[in-house]
Each structure stands twice: as structure tokens, then as C-alpha cells.
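Please open the structure in your viewer and keep the sequence panel visible beside it. The tour below moves from one selection to the next and says what is found at each stop.

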Amino acid sequence: MKYGFVFPHADVLKAIEFAKVAEEAGWDAFFVWEPTYGIDAWITLAAIAVQTERIRLGTLLSPVSRMRPWKLGSEAITLDILSNGRINLCVGLGAVDTGFEVFGEEIDRKTRAQLLDEGLDIMNGLWNKELSNYNGKHYQIKDLKECAFFKRHPQPNLIQHPRIPIWVVGAWPWKKSMQRVLKCDGIIPTIKNKQGKFEKITPEHIFEIKNFIEEHRSLKTPFDIIIEGETPGNDSELASSIVRPFAEAGATWWIESIWSSPDLNQLLNRVKQGPPSLE
């Protein structure tokens, strides 16, 4: 089991401070959220990358439907190079109540799913340098390899191989959502029952997801199952009891996600206390 921490505020200087403390305290990854408008997540992560050495970095998460995939792909590959291969790209449909409608972004769920799928296709094609033409419902690319600009300025190479790990939100056990998961490198699971209602995730769900991935995923690259939650930093036994059932069921990452806390001092103290331990 590995452990990450999400910085739930929009403050670039504090995010840098927290990330440095998180690395010193033994966390494995540090994530920032990506607002529709506000402090830019990728500039924040770039600043963190040059002031850290070990900790992995990422957004939690990037709603691909409101981003040009070549722009997001450029940001990700730049950070991959800058961090020497310490980035994960976490993607999903996003929460429409974070300003989508205000700025005229797409709010239809089906359309956002289509944009997500096409965006992932395009980013993968750009990263592996195999993309020349793309004819999707929402995006079209023509003769990329013949473009004079790209002949003069070759596309950059990724540090990570075969690509930047992509973690995607997946609604278990919905078929379309899980088919998308199978093409990625990790799942941030949500549980959506047959009535379309979301349920609290349990270790039993994780066990089912793990078995599904092992049975149906054809890619040979490592695959992660990510759990978000909260643990007390001052009670290692209780923290272990919260995390252990998910680890035993097959989860590979625990992301400490204290979204409700407005107190930066309390958050910093939790970071300093370090991740939970199963030992």
C-alpha cells in the first residue's frame, strides 16, 4: 500500500510548503485539485516538482471534457520531464457544480464521457508519437506527422514508459465506465447501484473490482486501485484498522482526502504526522 495526500485549498505557496513537508514525512504522493478558474494546478505542480525529489505528483482530478487534450497532454509531458517521471494523471468527468455551467462548459454527462474517451485516445497517441490523424465525434486531427512545425520541432519524449500512468474515476459495476477503466492504469472507484444511486465504498467492492480487472484487463502494465478517505494521525492503531481491510481486498493506494477542513494548521499537522502504517 502506498499513501498520498490531497491539498484541498487553492493556495500555490501553501501547496508548495505542504508538498515539501509531505515528502519529508514519508508520504508517497501529493495531489492538488484543478478548479475551473483559480490557482492553476499544473503551474503549482511544476513549482513543487523543482523543490522536491521523491514524492509523486498529480491532479485529483482533471476533468478532460473541459480541456483540449493536446494542451493537457503538453502539460502532463512537461511535468513528467520536469519531475523526472514522478507524475500521475488522474482524470474523470468532473463535478459540474464547480463552475462548468457558469463558463459554458459541457454539462451533459454522456457528452462529457465522449470527450473524456476521445481526449485519452489523443493524449496516448501524442505521447507514443503514433498519432497522425484522428476522426472523432468531437475532435479531428489531420496529417500531424506531415506538419512542417512538428518536423522542425520534434515532439518530446516521456520519461515514464510506456506512458504517464493514468488513473480514472470508474463507476462500479457499470459496464461502459469499467471498459474505460480497463484501458487505464488505475481506478478511483465510485459505487453506483442499479438504481443509479451512489453507495459508500467497502472492501467487498474493492475485492470485486480487483477480480474484474484481473479477469478482463489485457494490458500488462501495473494497475492501481485507489481509495480516498481520512485517518487519524495521532492513533496509528485506529488508522491501520481503517486502511487494512481495503489493502487486504486489493487496494494499492490510500489517498488522505480531508476536503472538509478549512484550517491550514490542522491540515499541516496531519501531513507532518505522516501516512498510516499497516505494520
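## First stop: a loop residue

Begin by selecting aspartate 143, which is partly exposed because its relative accessible area is 44%, in a model that is predicted. Aspartate 143 sits in the loop between β7 (140-141) and α5, and although it is not a glycine, its phi is positive, at about 55 degrees.

Keep aspartate 143 on display and add serine 132, which belongs to the loop between α4 and β6 (134-135). Once residues up to four places away in sequence are set aside, serine 132 touches Ile141, Lys142, Asp143, Leu144 and Lys145. Serine 132 has a relative accessible area of 16%, and with the limit for buried residues set at under 20%, serine 132 is therefore classed as buried.

## A second positive phi

Move next to asparagine 84, in the loop between α3 (69-82) and β5 (87-92). Asparagine 84 is not a glycine either, yet its phi is positive at about 60 degrees. Is asparagine 84 buried or exposed? It counts as exposed, because its relative accessibility is 58% and the exposed class begins over 50%.

## Two cis peptide bonds

Select histidine 161 together with proline 162 and inspect the bond that joins them: the peptide is cis, with omega at about 5 degrees. Proline 162 has its place in the loop between α5 (148-152) and β8.

Then go on along the chain to tryptophan 172 and proline 173, where a cis peptide bond is again found, with an omega of about 5 degrees. Proline 173 is located in the loop that runs between β8 and α6.

## The largest pocket

Now colour the surface and turn to the largest pocket, which holds about 1300 Å³ of space. Its lining is made up of 43 residues, and those closest to the centre of the pocket are Gly92, Leu93, Gly94, Arg109 and Val169, so these five make a convenient selection for centring the view. The elements that contribute two or more residues to this lining are α4 (109-127), β8 (166-172), α6 (175-181) and β9 (186-192). Which of the elements gives the most to the lining of the largest pocket? It is α4, with 10 residues. If you colour the lining of the largest pocket by residue class, you will find 19 nonpolar, 10 polar and 14 charged residues.

## The enclosed cavity

For the next stop, make the surface transparent. How many cavities of 30 Å³ or more are counted? The count comes to 1. The largest cavity has a volume of about 80 Å³, and among the 13 residues that line it, His9, Ala10, Val32, Trp33 and Ile39 are the closest to its centre. Two elements, α1 (12-25) and α2 (41-49), are those that give two or more residues to the lining of this cavity. By class, the lining of the largest cavity consists of 9 nonpolar, 2 polar and 2 charged residues.

## Isoleucine 258 and its contacts

Select isoleucine 258, which lies in the loop between β12 (253-256) and α9 (264-273). Isoleucine 258 is buried, because its relative accessible area is 12%, against a limit of under 20% for that class. Apart from its neighbours within four places in sequence, isoleucine 258 is in contact with Phe5, Pro8, Glu230, Leu267 and Arg270, which can be shown as sticks around it. To gain a sense of distance, draw a line from the C-alpha atom of isoleucine 258 to that of isoleucine 87: the two residues are 171 residues apart along the chain, and their C-alpha atoms are separated by 21 Å.

## Stepping back to the whole chain

Finally, clear the selections and view the protein as a cartoon, in which 9 helices and 12 strands can be traced. Along the principal axes, the C-alpha atoms fill a box of roughly 60 × 45 × 40 Å. The radius of gyration is 19 Å, which agrees with the value near 19 Å for a compact globule of 279 residues. Buried residues make up 50% of the 279, while the protein exposes about 14400 Å², of which carbon and sulfur atoms supply 52%. Of the contacts in the protein with a separation of 6 or more, 69% are accounted for by residues 24 or more positions apart.

Conventions. Residues numbered from 1 in each chain as written. Predicted model: local features only at pLDDT ≥ 70, side-chain atom pairs only at ≥ 80, totals over all residues. Heavy atoms only, no water. 1 Å grid on protein atoms, 1.4 Å probe; cavity = no way out; pocket = protein on both sides within 12 Å on 5 of 7 lines; lining within 4 Å. Points joined across faces, edges and corners; volume = space filled by probe spheres on them. Helix = DSSP H or I, 4+ residues; strand = E, 2+ residues; numbered from the N terminus. Nonpolar A, V, L, I, M, F, W, Y, C, P; charged D, E, K, R; others polar. Rg over C-alpha atoms; globule rule 2.2 N^0.38 Å. Buried < 20%, exposed > 50% of the residue type's maximum accessible area, 1.4 Å probe, protein only. Contact = heavy atoms within 4.5 Å. Areas by Shrake-Rupley, 256 points an atom, 1.4 Å probe, with all protein chains shown as cover.
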